[in-house]
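Student: I should like a close look at a single part of this structure, followed outward into its surroundings. Please give one connected account.

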Amino acid sequence: METSAQPLISIKDLKVHFPLSGGSLFRRSRQVVKAVDGVSLDIYPGETLGLVGESGCGKSTLGRAILRLTEPTSGQILFHGNDLAHLSNSAMREQRRHLQIIFQDPYASLNPRMTVSQIIGEPLDTFQLARGQAKKERVQELMEMVGLSARFLKRYPHEFSGGQRQRIGIARELAVDNAFIVADEPISALDVSIQAQIMNLLDRLRRQKNLTYLFISHDLRAIRHVSDRVAVMYLGRIVELADGKTIYKNPLMPYTKALISAVPVPDPKVEAGRRRIVLEGDVPSPINPPRGCRFHTRCPYACEVCREIEPQLVQIKPNHFAACIRISPEEPDIERVAPGAAPGLHAQAASSTA
Amino acid sequence: MTAISNGKLLSVKDLRTYFETEDGTVKAVDGISFELKQGETLGIVGESGSGKSVANLSLMRLIPDPPGKIVSGSITFDGRDVLKLTPREVRDIRGKRIAMIFQDPMTSLNPFLRISKQLMEVTQLHLGHNREQAREHAIRMLETVGIPDARERVDSYPHEFSGGMRQRVMIAMALSCQPELLIADEPTTALDVTIQAQILELIKRLKAETEASVILITHDLGVVAGMTDRIIVMYAGKVFEQAATTELFERPGNPYTRGLLRSVPDPTDEQGHLYQIPGLPPDLARLPPGCPFAPRCDRAEELCRREFPPYVELTPGHYSLCHFASEVFAESADQV
């Protein structure tokens with residue numbers, strides 16, 4: 001990805017916090033779930049940015065917050081010169097025709113009482129893009145584009161399989177000229193053979209219609225396949241960012257290393273010879289995330305300083321960013337860093353003044 | 001283990017489980033046969049609707065009747081036909097000699113009962129433990145599956161545990177009576193990757209320690225690659241291919257298996273266009289007359305649409321349900 005190009009979407013220090021009501025009537029506890037906690041990210045036109053992380057890491061919340069389906073607590077989302085985070089509702093509605101989302105559950109995201117032609121045609125009405133015969137033709141064209149026969153126009157969602165429903169959902173998003181689509185786990189609910197179909201479809205449409213995707217998934221194999229660049233999230237923060245191949249072959253941050261080593265490879269020979277980093281314990285709660293580096297409670301390389309200092313995402317290698325104070329541009333390989341040393345502190349300080 | 005089993009713990013022959021529905025008879029499992037040796041791990045792979053879960057529920061006689069019915073076949077476990085046992089005898093086997101873990105640990109644990117109570121029930125019923133013994137055993141099992149502070153946490157309720165921890169509790173419960181066979185139905189599908197790795201390592205370790213045989217049912221070819229000795233690939237209620245794990249991955253002899261393997265992105269490879277199997281899995285109530293995979297198969301010919309394919313033995317123990325099994329097998333060898 002050309003870093004010199006202008007980003008389509010530029011996210012700056014985005015936070016999404018959810019207050020929890022709890023405690024007793026007289027002693028309200030003021031707990032806050034920090035689902036997204038200071039994310040900065042640029043998404044370039046025409047790219048697929050993969051966002052990967054385990055459940056509860058905040059990846060879906062981030063995707064929804066970019067589209068203002070969840071209200072951001074603070075930060076900026078710059079899109080075509082507007083800050084989406086602070087637009088009025090009517091101004092936001094104007095932008096929505098360029099911003100779409102594909103949901104995980106193709107069963108829950110389609111209205112069961114609407115026919116396929118009504119579902120796909122709805123955005124055409126909403127944004128007053130086509131009427132009458134023109135609308136009918138457009139709907140048919142969209143159905144063909146996603147590989148559905150126009151014979152199905154009058155059918156209802158329950159008459160379709162999961163993969164076909166996901167195609168209907170995608171056709172609906174394409175009804176308007178999208179610049180940017182958030183695909184939130186679009187293939188997780190589908191069978192293996194259908195997953196491949198949908199991934200290929202999304203890729204073809206991206207090239208044909210010059211779309212930009214934020215592809216959210218917990219499936220590293222799918223992410224690696226569809227994405228140009230990959231961002232790894234852990235407890236509300238992005239901990240590593242690089243192009244897909246690099247992040248897979250040469251991850252720097254210990255969490256990414258563990259995540260990638262945990263992915264089963266469909267090859268018995270590779271599996272037999274693999275050294276797997278098995279992390280201890282579960283992901284801590286985002287209500288009270290650990291101080292310092294949020295990963296230090298499970299990190300095999302954590303040292304004293306990691307408990308204190310919250311690492312920033314800094315460039316360790318060209319276009320390869322990681323949030324870990326134990327590595328630095330001079331010594332990117334954590335295996336070779338002396339125990340307890342934190343060579344990245346220096347780089348951290350430099351990035352915070354920048 | 002009794003002597004008559006000559007190393008075979010389980011032998012399934014021509015099992016057919018049908019469901020009567022409004023749409024007609026759904027042949028969820030239609031004439032499958034396989035064997036499981038003592039200490040072996042068998043993977044059953046298939047997409048949704050392939051019959052892999054129904055096959056496994058049939059083994060435990062857990063098919064709801066009506067609408068379901070095991071219409072024919074035999075399931076020989078340790079020398080006895082499970083289908084001919086009385087309900088009482090089945091109950092004695094279930095949970096004691098054959099144990100199961102399911103995909104969703106939240107729905108298979110009782111949310112109203114403490115973990116301790118649920119674990120103790122198993123050994124009180126099957127091993128005749130008194131309360132004291134059962135409780136000690138429960139704590140020991142939780143320690144075995146890696147629950148920290150097991151003694152303090154044994155009286156927790158399921159909702160106080162995370163998904164990975166609940167799955168550990170399920171495994172503890174399943175292994176309480178040292179079963180000879182553990183059936184794990186998508187045990188890690190609901191879990192995150194790093195937790196999946198923990199659970200798979202745990203199953204591997206416990207299997208080595210207890211010498212139990214394992215049937216691992218999954219849709220994830222990556223999971224079976226690292227865990228199993230042999231694999232059965234199911235499609236439309238039938239066994240499409242059966243082979244030793246390495247051979248199946250290296251030299252698939254069935255177009256469906258080959259397509260399935262190629263449609264999983266391999267993260268270690270350079271990426272290009274991903275192979276896709278076209279079309280949709282068949283409607284089990286309206287199967288085409290010939291090979292059920294023919295409408296989606298890149299190798300299908302007229303014959304495939306007309307006649308049901310033969311079950312061909314390619315090498316000892318490697319079977320493929322295909323008119324062109326030998327050709328496909330030879331092609332796969334060329335590609336290596």
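Tutor: Let us begin with strand β6 of chain B in this predicted model. Both of its faces are covered: B:Ile98 and B:Met100 point to one side, B:Ala99 and B:Ile101 to the other, and all four are buried. A residue is counted as buried here if 20 or more other C-beta atoms lie within 10 Å of its own.

The partner of β6(B) is strand β7 of chain B, residues 181–185, and the two pair in the parallel sense over four bridges. Within this pairing, B:Ile98 stands opposite B:Leu181 in β7(B). In general, strands of a sheet pair through backbone hydrogen bonds, either parallel or antiparallel.

These two strands belong to an open sheet of eight strands in chain B, with the order β6-β7-β8-β3-β9-β10-β12-β11 and mixed pairing. β6 (98–101) stands at one edge and β11 (311–315) at the other; each has a single partner strand, so one side of each is left without a neighbour in the sheet. For β6(B), then, the missing neighbour in the sheet goes together with buried residues on both faces. Neighbouring strands of the sheet are turned against each other by 20° on average, direction ignored.

Further along the order, strand β3 (residues 41–45) of chain B and strand β9 (residues 230–235) of chain B are joined by four bridges, again in the parallel sense. B:Gly43 has B:Ile231 in β9(B) as its bridge partner. At the β11 end, helix α13 (residues 325–335) of chain B lies across β11 and β12 (318–321) of chain B, and its direction runs at about 35° to β11(B).

The chain around this sheet may be described next. Chain B comes to 13 helices and 12 strands. Its C-alpha trace spans about 65 × 50 × 45 Å along the principal axes. The radius of gyration is 21 Å, which agrees with the value near 20 Å for a compact globule of 336 residues. Buried residues make up 49% of those 336 residues, and B:Ile98, B:Ala99, B:Met100 and B:Ile101 are among the buried ones. Among contacts in chain B between residues at least 6 apart in sequence, 64% join residues at least 24 apart.

Some backbone details of chain B also deserve attention. In the loop between α1 (52–59) and β4 (68–77) of chain B one finds B:Pro66, and B:Pro67 has its place in that loop between α1 and β4 as well. The peptide bond from B:Asp65 to B:Pro66 is cis, with omega near -10°. The bond that follows, from B:Pro66 to B:Pro67, is also cis, with omega near 5°.

Two aspartates carry a positive phi. B:Asp14, although not a glycine, has a phi of about 45°; it is found in strand β1 (residues 8–21) of chain B. With 11 other C-beta atoms within 10 Å, B:Asp14 is exposed. B:Asp149, likewise not a glycine, has a positive phi of about 50°. This residue lies in the loop between α5 (131–144) and α6 (150–153) of chain B, and it is exposed, since 9 other C-beta atoms lie within 10 Å.

Chain A offers a counterpart to the sheet. There, too, eight strands form an open sheet with mixed pairing, in the order β6-β7-β8-β3-β9-β10-β12-β11. Its edge strands are β6 (99–102) and β11 (314–317) of chain A, each of which pairs on one side only. The twist averages 25° from one strand to the next. Helix α1 (residues 59–66) of chain A packs on this sheet, touching β3 (48–52), β7, β8 and β9 (229–234) of chain A, and its direction makes about 150° with that of β8(A). Of the strands touched, β7 (residues 180–184) and β8 (residues 212–217) of chain A run parallel and are joined by five bridges. A:Ile181 stands opposite A:Tyr213 in β8(A).

To return to the point of departure: β6(B) is an edge strand with a single partner, and that partner, β7(B), is bound to it by four bridges in the parallel sense.

Note on methods
Residues numbered from 1 in each chain as written. Chains lettered and ligands numbered in written order. Predicted model: local features only at pLDDT ≥ 70, side-chain atom pairs only at ≥ 80, totals over all residues. Pairing = 2+ DSSP bridges. Axes fitted to C-alpha atoms, helices over the stretch in contact; angles between N-to-C directions. Contact = placed C-beta atoms within 7 Å. Buried ≥ 20, exposed ≤ 12 C-beta atoms within 10 Å, placed from the backbone. Rg over C-alpha atoms; globule rule 2.2 N^0.38 Å.
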